[in-house]
Amino acid sequence: MKLYHNPLSSCSQKVRMVLHEKNLSWESQVIDLQKGEQFTADYLALNPNAVVPTLEDQGHTVIESTLINEYLDDAYADITLKPANANSRYQMRYLTRRIDDALHGACGVITYAIGVRPSLMSRPREEVDALINKIPDPSRRETRRSVVQLGVQAPEFVTALNIHGAVFDLAASFLQSQPWLAGESFSLADCALMPYALRADHLGLANEINDRPALSRWYDAVQARPAFKDAVTAWLPEPAIAGFRAAGDAVANEIASLPR
Ligand SMILES: N[C@@H](CCC(=O)N[C@@H](CS)C(=O)NCC(=O)O)C(=O)O
């Protein structure tokens, strides 16, 4: 089994979490997104959306992180990460859908506006434009352009923060009555939300978690899982995380004064 992924990418983190929760062994192929390796012809043949992750297994190519995780849970069922009862399964899928439909794009916005923009600003403008122009999806491309140009002042930024608030509220409401997002057992939903809480934390937005006690308790519990160390901590490039934190500190006052 081979995973094309990136250490910092949230969708890659959620698939690595499932691989390690299920004790599966896998081969790593890192795709450097800032160098544009997602746009090579070989990679586009595997994943025409020019995004990570992509899984190759038993002769199949599987894309879309949520579907990769469902595939892994179906194909390797010894340790299952899907709850047994139908309503919990519905809760799991409702959350993973909200994450895919809304939170993921919002996370890209806050990541680029706060964390990635400083390093892009130090590169030649034409080089950055060329990278942005390769993004196949027009709406993602124009959002990226706006956020790289305007940072936290981009109109998309406040919307993205509010989406984080709404999905974190939803998650916290599920966690009022149960230890994990989809019930009594750790599931694909917990793997799916984890990277977004982590990213908010790294970008200086830990208050989005800490202000919601049930979510904060859940975040601590996810980080304490042995799989988290192998799937996430082991891959985190410390200088990049320190850069994210410093960039978060640098815009904290500006963010606090934005109308929400
Ligand atoms: N819906 C896709 C989204 C994947 C995605 O957006 N991946 C990001 C990293 S988290 C990426 O590869 N971005 C490439 C880029 O920024 O050019 C999935 O769930 O797999």
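This is a guided tour of the structure, with a suggestion at each stop of what to select and a note of what is there.

The model is predicted, so local features are described where pLDDT is at least 70, side-chain atom pairs count only at pLDDT 80 or more, and totals for chains, interfaces and linings use all residues. Residues are numbered from 1 along each chain as its sequence is written.

**The whole protein**

Begin with the full chain in cartoon view, where the protein shows 12 helices and 4 strands, helices being DSSP runs of H or I with at least four residues and strands runs of E with at least two, numbered from the N terminus. The radius of gyration, taken over C-alpha atoms, is 18 Å, close to the 18 Å that the globule rule gives for 260 residues, so the protein is as compact as a globular protein of that length; the rule is 2.2 Å times the number of residues to the power 0.38. Along its principal axes the C-alpha trace spans about 50 × 45 × 30 Å.

**Two domains**

Next, colour residues 2-75 as domain 1 and residues 86-256 as domain 2, bounds that come from an automatic or database domain assignment. Their C-alpha centres lie 18 Å apart, and 18 residues of domain 1 are in contact with 24 residues of domain 2, where contact requires C-beta atoms, placed from the backbone, to lie within 7 Å. On the side of domain 1 that touches domain 2, the elements giving two or more residues are α1 and α3, and the largest share, 9 residues, comes from α1.

**The nonpolar core**

Now select Ile110, Ala113 and Leu193, which touch the most other members of the largest nonpolar core, a group of 64 residues. Such a core is a set of buried Ala, Val, Leu, Ile, Met, Phe, Trp, Tyr and Cys residues joined through C-beta atoms within 7 Å, and a residue is buried if 20 or more other C-beta atoms lie within 10 Å of its own, exposed if 12 or fewer, and partly exposed in between. Helix α4 (residues 86-121) gives the most to this core, with 12 residues. Domain 1 and domain 2 both give residues to the core, so it lies between them. Keep Ile110 selected and add Ala160, Leu161 and Leu203, which Ile110 touches when residues up to four places away in sequence are not counted.

**Helix α3 and the hairpin**

Move to helix α3 (residues 65-75), and show Ser65, Ile68, Asn69 and Leu72, which are buried. Seen down the axis of α3, these buried residues fall within an arc of 100°, so they line one face of the helix; the arc is that of the directions from the helix axis to the C-beta atoms. They pack against α1 (10-21), β3 (54-57), β4 (60-63) and α8 (188-202).

Stay with the two strands just named: β3 and β4 run antiparallel and are joined by 4 bridges, where strands pair if DSSP finds at least two bridges between them. Asp57 has His60, in β4, as its bridge partner, and in this hairpin, with 2 residues between the strands, Gln58 takes a positive phi near 50°.

**Two last residues**

Select Ala250 in helix α12 (residues 238-256), which counts as partly exposed because it has 13 C-beta neighbours inside 10 Å. Ala250 and Gly204 are 46 residues apart in sequence and 9.4 Å apart in space, C-alpha to C-alpha.

Finish at Ser173 in helix α7 (residues 155-175), which counts as exposed, with 12 C-beta neighbours inside 10 Å.

Definitions and conventions
Two residues are in contact if their C-beta atoms, placed from the backbone, lie within 7 Å.
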